[in-house]
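Biologist: Please take a close look at one part of this model, the segment that carries the C-terminal annotation, and place that segment in the context of the whole chain.

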Amino acid sequence: MKIAMIGTGYVGLVSGVCFSDFGHEVVCVDNNPAKIDELQAGRVPIYEPGLEALMNQNVAAGRLSFTGDLAEAVQGTEAVFIAVGTPTRRGDGHADLTYVMAAAEQVAQVATGPLVIVTKSTVPIGTNRQVQAVVAAANPDLDFDVASNPEFLREGAAIEDFMKPDRVVVGVQSPRAAEIMSEIYRPLYLRDFPIIVTDLESAEMIKYAANAFLATKITFINEIAALCEKLGADIKQVSKGMGMDQRIGKHFLHAGPGYGGSCFPKDTRALARIGQENACPMQITEAVIKINDEVKRRMVEKLHMLCDGSFNGKKVAVLGVTFKPNTDDMRDAPALTIIPALVGGGAQVRVNDPQGQREGEALLPGVLWLDSPYRAAEDADLLVILTEWNEFRALDLKRIASSMTHPRLADLRNIYNGTVASEAGFEAYESIGRAGLS
Ligand code: NAD
């Protein structure tokens, strides 16, 4: 099957590479010439483990190519995927569909058909019908179908998630589109990964409902963690005890500094907006958004307390700025709330992140980037662990504590504990939902 993938970001590039690995002939297109130059040179412009090797393997096999020319990419394809960004629209929380609609119109102008136009981007309910209308208006003679195929991969584990999904969701309104979609995903179907075929609206809704539910689970445990701190309970034990109940499940029950990233913040905002527009307020989701903002603010208060009530003149070392490990993605990361509060309060902030510097430099002005966690911690008054990269899970805490002016640790991912910190020589230790030094 010949496939075109519009957008070579975290979703489009992974999907394009994996489809080519299934054996399809894939052309990936992006309107950012710098990205296409990198890809044509065999380099992946983002950090995603395993992606570059798999990409180059499929390029060498002649199944995968890159172009900036949409007309060339769409030529002769049976399926065109739209995997462009749908960020929050400025001002009202709605998903910004400008890029999706522009891509749909561009496809309409150059496609000869018959083909299926598949929206992989996360889009509000009703968008696929809008895509259909836009394409039909731009090219009334085009023989085409639309399909909704929301993506559930996680950055940092994207290839594994794409190749071994819990399920593939496909929304269609014609047997022809269902047939083409099942042909595309046949390699997964043969390996027993379920494909659920729905109408367009249900597929669009599944994606928002799933993300809002996961954001709710994280926020719920963060709220329980705050109460644990007041009452002397230990959130790690509480999460474990809750998660062993199969009706609840152990995933997404780790307390932390609030959810961030390229999906949960924008998708919860968009769902809340969709509810408001349809006179059906999403009250739980609205509460989750508000509480998550409070969680991030509470983190700043924790750090403030550890700095004796003032950031002014303090040296603060921060380990990790990306919204989670194994990605360089900084979109809506908690670091973007916490670090500016430190800098704004007069702290000298020293940062180390295994992959975050390239993105982070522009987003976090006024911080000093160091190439190791140990160098970042030297002479610091406070060490903050903000992202649980593997590199930060087995630090030589003794070495770090002895190099700091005031050995104090804010472990916002609960990697260590009070006993370990105290034995290493830290005079103060704060984590989430647990007692401090013991
Ligand atoms: P991204 O911003 O990383 O990538 C989008 C790419 O599309 C960019 O490279 C941009 O240059 C390109 N683009 C935009 N308009 C174009 C056009 N007209 N022609 C060609 N290229 C164009 O975005 P992303 O993180 O990959 O997300 C894409 C979509 O997938 C979003 O709707 C997102 O919500 C959804 N999603 C993302 C993830 C994730 O983990 N990032 C997971 C599931 C779903």
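Modeller: The account below begins with the annotated segment and then moves outward to the core, the domains and the ligand shell.

This is a predicted model, in which local features need pLDDT of at least 70, side-chain atom pairs count only at pLDDT 80 or more, and totals for chains, interfaces and linings use all residues. Residues are numbered from 1 along each chain as its sequence is written.

The UniProt annotation "domain: UDP-glucose/GDP-mannose dehydrogenase C-terminal", from an unreviewed entry, covers residues 317-418. UniProt positions are given in the numbering used here, feature names are shortened, and annotations may be inferred rather than shown by experiment. Over residues 317-418 the chain is 29% helix and 19% strand, and the end C-alpha atoms are 19 Å apart. Helices (H or I, at least four residues) and strands (E, at least two) are DSSP runs, numbered from the N terminus.

Within this part, Ala376 lies in helix H16. Ala376 counts as buried, with 24 C-beta neighbours inside 10 Å. For this term, a residue is buried if 20 or more other C-beta atoms lie within 10 Å of its own, exposed if 12 or fewer, and partly exposed in between, with C-beta atoms placed from the backbone. Leaving aside neighbours within four places in sequence, Ala376 is in contact with Ala317, Leu319, Arg350, Val351, Asn352 and Leu370. Contact requires that the two C-beta atoms, placed from the backbone, lie within 7 Å. One of these partners, Asn352, belongs to strand S10 (residues 348-352). Asn352 is buried, with 24 other C-beta atoms within 10 Å. Apart from neighbours within four places in sequence, Asn352 is in contact with Leu319, Leu370, Ser372, Pro373 and Ala376.

Two long separations place these residues against the start of the chain. Ala376 and Thr8 are 368 residues apart in sequence and 34 Å apart in space, C-alpha to C-alpha. For Asn352 and Glu52, 300 residues apart along the chain, the C-alpha atoms are separated by 24 Å.

The loop between helix H16 (373-377) and strand S12 (382-385) holds Asp379. Asp379 has a positive phi of about 65 degrees although it is not a glycine, and Asp379 is exposed, with 12 other C-beta atoms within 10 Å. Asp308 also has a positive phi, of about 55 degrees, although it is not a glycine. The place of Asp308 is in the loop between helix H13 (283-306) and strand S9 (315-319). Asp308 counts as partly exposed, with 13 C-beta neighbours inside 10 Å.

Val384 leads from the segment to the core. Not counting residues up to four places away in sequence, Val384 touches Leu303, Val316, Ala317, Val318, Leu319, Ala410 and Leu412. Of the 126 residues in the largest nonpolar core, Ile6, Ile117 and Val384 touch the most other members. Domain 1 (2-198) and domain 2 (200-438) both give residues to this core, so it lies between them. A nonpolar core is a set of buried Ala, Val, Leu, Ile, Met, Phe, Trp, Tyr and Cys residues joined through C-beta atoms within 7 Å.

The bounds of domain 1 and domain 2 come from an automatic or database domain assignment. The C-alpha centres of domain 1 and domain 2 lie 32 Å apart. Their contact takes 29 residues from domain 1 and 25 residues from domain 2. Helix H6 (127-138) and strand S7 (168-172) each supply at least two residues of the side of domain 1 that touches domain 2.

Finally, the ligand is surrounded by 27 residues, of which the closest are Gly7, Gly9, Val11, Ser121 and Thr122. Here a residue is near a molecule if its C-beta atom, placed from the backbone, lies within 6 Å of it. The largest share of this shell, 4 residues, comes from H5. Helix H1 (10-22) and helix H5 (98-110) each supply at least two residues of the shell. In the loop between H5 and strand S5 (115-119) lies Pro114, and the peptide bond from Gly113 to Pro114 is cis, with omega near -5 degrees.
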